[in-house]
Amino acid sequence: MKKVAAGVHQLTIQRFVNVYFVETGTPGEWVLVDTGLPGSEKSIIAAADHLFYPGTHPEAIILTHGHMDHSGSAQALAEHWKVPVLAHPLELPFLTAKAVYPPADPTVAGGGSLAFVARFFPPQSFQLSDYVQQLPPNDMDPPFLPDWQWIHVPGHAPGQIALFREKDRTLLAGDAFATANHESVPELLLQRPEINIAGAPFNYNWQQVGESIKELAALQPSAIGCGHGPAVSAEKYTAQLQKLAAEFKAPAHGRYVNTPARTDENGVAYLPPAPHDPIRAKFAVAAAGLGALVGAAVLIKRYKTHKQNEYPRPVAAEPKRERTEEVAR
């Protein structure tokens, strides 16, 4: 666990996913921001008990967005702590199993090793109807966090939000950008600090991504925590964020580069056609070939088993020959 700023701690789970414990200002009260991948609840509960006191619970869980690596343990934690889950209204269709997020784009230019892995990600949608509530759309002050404001930063997810505390310029940015090279899985695991674009294969609207980065850079945050990468607080990282905003360019090509997906309060309203993916096509051919080989092997095995189990046919007996004896004369 790492301290981001006063009353804010970052817990990194499985070396590349971050959740945050944010104190409300009242002793012993706090809010959890994001919940990590499915199965992270035990690590989060143990960290909370260590940071505060055994048996502690937050006032609420706030999700920056509903992707699997941010909301994966939300239901388990909400059930354990009996607390609400708060999210932007535009995230609710995806958090109540009414819609599925726009599919990842493994063909996006510069997607790196994350793009390759994205080919195998399942469709993302969760059923949190019993726990999720929308953040008040006309009130930028999140419940239980009077010193903070939430900022709508779409592009990576329709209802993605960032949290900002102006008095010390602390920013929790979700996946609006990253503090590590998010396109390289090895670099992400090494946790080398570097301000970078987050989750390129999962960005469904590149114009919004650029606008969100510029809006957050204009805040000139001095302490930064993102969904991926280590917490940073040096001036050079504030400068790196300014540089990323000033020089932002959409990738050279990709499914959502020229025509973004369109979303509304019901989920996805439009998806541009998926471009040809040669790697996926090769995998499909290889899978078909492997399937044919497995099928042939099964048929051969069944045939051999059948032959072995056949009853042997009875062999016709030769007719008995009567033996005659010669009489010696």
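Reader: At roughly what angle do the axes of helix 7 and helix 8 cross?
Author: This is a predicted model, so take everything here as computed from it. Helix 7 covers residues 206-217 and helix 8 covers residues 235-246. Their axes come within 9 Å, and the crossing is left-handed. The angle is roughly 145 degrees.

Reader: How do the residues of that contact of helix 7 with helix 8 divide into nonpolar, polar and charged?
Author: Helix 7 brings Ile-213, Lys-214, Leu-216 and Ala-217. Helix 8 answers with Leu-241, Gln-242, Leu-244 and Ala-245. Sort those and you get six nonpolar, one polar and one charged.

Reader: Moving to the sheet, which strands are its edge strands?
Author: Four strands make up an open sheet with mixed pairing, in the order 8-9-10-11. An edge strand here pairs on one side only. That leaves strand 8 (148-152) and strand 11 (223-225).

Reader: Which residue in strand 9 stands opposite Trp-150?
Author: Strand 8 and strand 9 (residues 161-165) run antiparallel and are joined by five bridges. Across from Trp-150, in strand 9, you'll find Leu-163.

Reader: And the second largest pocket: which residues lie nearest its centre?
Author: The pocket has a volume of about 300 Å³, and 20 residues line it. Helix 2 (68-71), helix 5 (112-118) and helix 6 (185-190) each give two or more residues to that lining. By type, the lining splits into 10 nonpolar, eight polar and two charged residues. Nearest the centre are Phe-16, Asp-69, Leu-114, Phe-121 and His-182.

Terms used: Residues are numbered from 1 along each chain as its sequence is written. This is a predicted model: local features need pLDDT of at least 70, side-chain atom pairs count only at pLDDT 80 or more; totals for chains, interfaces and linings use all residues. Side-chain values use heavy atoms; hydrogens and water are left out. Two strands pair if DSSP finds at least two bridges between them. On a 1 Å grid over the protein atoms alone, a cavity is a set of points where a 1.4 Å probe fits but cannot get out, and a pocket is an open set with protein on both sides within 12 Å along at least five of seven lines; lining residues have an atom within 4 Å of a point. Grid points are joined across faces, edges and corners, and a volume is the space filled by probe spheres set on the points. Ala, Val, Leu, Ile, Met, Phe, Trp, Tyr, Cys and Pro count as nonpolar, Asp, Glu, Lys and Arg as charged, and the others, Gly among them, as polar. Axes are lines fitted to C-alpha atoms, for helices over the stretch in contact, and angles run from 0 to 180 degrees between N-to-C directions. A crossing is left-handed if the near helix is turned anticlockwise from the far one by less than a right angle, and right-handed if clockwise. Contact means heavy atoms within 4.5 Å.
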